[in-house]
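Please find below my note on the model, arranged as numbered points. It is intended to be read alongside the sequence and the coordinates.

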Amino acid sequence: MAQDMAKEAPPPAAEAPAAAPEEAPAAAPAAEPANAGGAATPAEGATPATPENMLQWAIRASGPIGVLLVFLSVYFTALVIRLFIEYRVSEAVPPALVEKLETAIKEKKFQEAYDICRDNDSFLARLVRAGIANLPNGRAEAKEAMAATSDEIVTELEMKISYLATIGTLGPMIGLVGTVWGMIESFKEIATAAGAQPRPDKVAAGISTALFITLEGITLAVPAIFFFAFFRNRVSQMTIEANRVADRTINSLVAAAKAPSKQPTA
């Protein structure tokens with residue numbers, strides 16, 4: 001029996017080495033082509049991203065708050081151009097009007113002088129009109145009426161330039177809103193990363209929004225404050241000149257009224 005079992009044992013040991021060499025070569029060639037093809041295809045087919053220029057970056061970073069600042073800038077520019085046209089000493093005291101008044105007073109055509117001022121809406125015409133209308137009550141009353149009219153006109157002029165002061169105040173405030181908004185966006189990316197690495201492009205986008213809107217707000221506010229001071233000084237110049245010419249006109253009118261009329265020579 002022992003001899004028979006010894007003769008039957010060798011066959012299983014001889015089958016094991018024969019199975020191993022068949023499985024190893026079959027698995028290796030199947031894995032290599034899959035890895036090589038999958039890595040090469042996306043790299044070759046991908047289109048490289050086009051880099052943004054400075055203007056595109058600024059528009060994207062500014063967002064809707066930047067659009068609001070653009071509208072304010074357009075309004076600011078139109079207002080400054082309009083004030084440059086209207087706020088001039090030659091508009092407040094037209095040389096042609098001064099010449100007509102002097103001629104009418106010299107010829108003692110007082111009603112004509114009043115009619116000339118009634119048809120004109122300049123600073124000087126409104127003052128002289130108020131003075132002539134109150135002159136029958138006395139010279140002091142006429143000057144008081146002219147002073148009240150001057151204050152009224154100055155208030156109207158300052159109301160228009162007050163919009164420049166409003167823009168000069170709103171610019172930094174809107175820029176501050178953009179700063180807070182951009183920083184919130186950046187910190188939100190960091191806070192919601194949940195232990196992972198925050199995306200640098202998202203953090204940089206929030207910081208860009210904060211900085212661009214702040215810059216745009218300040219850029220709008222600085223010229224607005226400058227032109228507010230500039231046109232306020234222009235209003236003062238117009239007021240001084242109009243009052244000076246109006247006082248001189250009323251004094252000339254009173255002097256002409258008191259002067260004896262020339263008798264026609266025979």
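**Notes on the model**

1. Asp115 forms a salt bridge with Arg118, with the closest N and O atoms 3.4 Å apart. A salt bridge here is a side-chain nitrogen of Lys or Arg within 4 Å of a carboxyl oxygen of Asp or Glu. The two residues are three residues apart in helix 6 (residues 110-118), so about one helical turn separates Asp115 from Arg118. Helices are DSSP runs (H or I, at least four residues), numbered from the N terminus. Asp115 is partly exposed, at a relative accessible area of 22%; buried means under 20% relative accessible area, exposed over 50%, and partly exposed in between (1.4 Å probe, protein chains only).

2. The basis of the values should be stated. This is a predicted model in which local features need pLDDT of at least 70 and side-chain atom pairs count only at pLDDT 80 or more, while totals for chains, interfaces and linings use all residues. Residues are numbered from 1 along each chain as its sequence is written, and side-chain values use heavy atoms, with hydrogens and water left out.

3. How many salt bridges does a search of the whole structure find? The search finds twelve. One of them joins the side chains of Glu185 and Lys188, at 3.7 Å from N to O. Both residues lie in helix 8, three residues apart, or about one turn of the helix. Glu185 is partly exposed at 28% relative accessible area, and Lys188 is partly exposed at 46%.

4. In helix 9, Glu241 and Arg244 are likewise placed three residues apart, about one turn of the helix. Their salt bridge brings the closest N and O atoms to 2.7 Å. Glu241 counts as partly exposed at 23% relative accessibility, and Arg244 is partly exposed with a relative accessible area of 44%. Elsewhere, Arg82, Glu86 and Lys160 are joined into one network by salt bridges that share partners.

5. Arg234, in helix 9 (residues 200-258), deserves separate attention. The residue is buried yet has no salt bridge. Which side chain of opposite charge is nearest to Arg234? It is Glu91, 10 Å away; for this purpose Lys and Arg count as positive and Asp and Glu as negative, with His and the chain ends not counted. Leaving aside neighbours within four places in sequence, Arg234 is in contact (heavy atoms within 4.5 Å) with Phe84, Tyr87 and Arg88.

6. The largest nonpolar core has 48 residues, of which Phe76, Tyr87, Phe123, Leu124, Leu164 and Phe231 touch the most other members. A nonpolar core is a set of buried Ala, Val, Leu, Ile, Met, Phe, Trp, Tyr and Cys residues joined through side-chain atoms within 4.5 Å. Two or more residues of this core come from each of helix 3 (54-86), helix 5 (95-106), helix 6, helix 7 (123-134), helix 8 and helix 9. Helix 9 gives the most, with 14 residues.

7. The contacts of Leu164 and Phe227 may be inspected together. Neighbours within four places in sequence aside, Leu164 is in contact with Phe76, Leu79, Val80, Leu83, Ala224, Phe227, Phe228 and Phe231. Phe227 lies in helix 9 and is buried, with a relative accessible area of 17%. With the same exclusion of neighbours within four places, Phe227 is in contact with Phe76, Val80, Phe84 and Leu164. The C-alpha atoms of Phe227 and Leu83 are separated by 9.7 Å, although these residues are 144 residues apart along the chain.

8. Thr249 is also found in helix 9. Is Thr249 buried or exposed? Thr249 counts as buried because its relative accessibility is 9%. Beyond neighbours within four places in sequence, its contacts are with Leu101, Ile105 and Val128.

9. At the surface, Met183, Phe187, Ile190, Ile207 and Leu211 make a nonpolar patch of about 470 Å². Helix 8 (139-191) and helix 9 are the elements that give two or more residues to the patch, and helix 8 gives the most, with three. Patches are made of residues with over 30% relative accessible area and no salt bridge; like charges are joined within 9 Å, and nonpolar side chains (Val, Leu, Ile, Met, Phe, Trp, Tyr) within 5 Å. Accessible areas come from the Shrake-Rupley method with a 1.4 Å probe, and for residues only the protein chains shown count as cover. Met183, in helix 8, is partly exposed at a relative accessible area of 31%.
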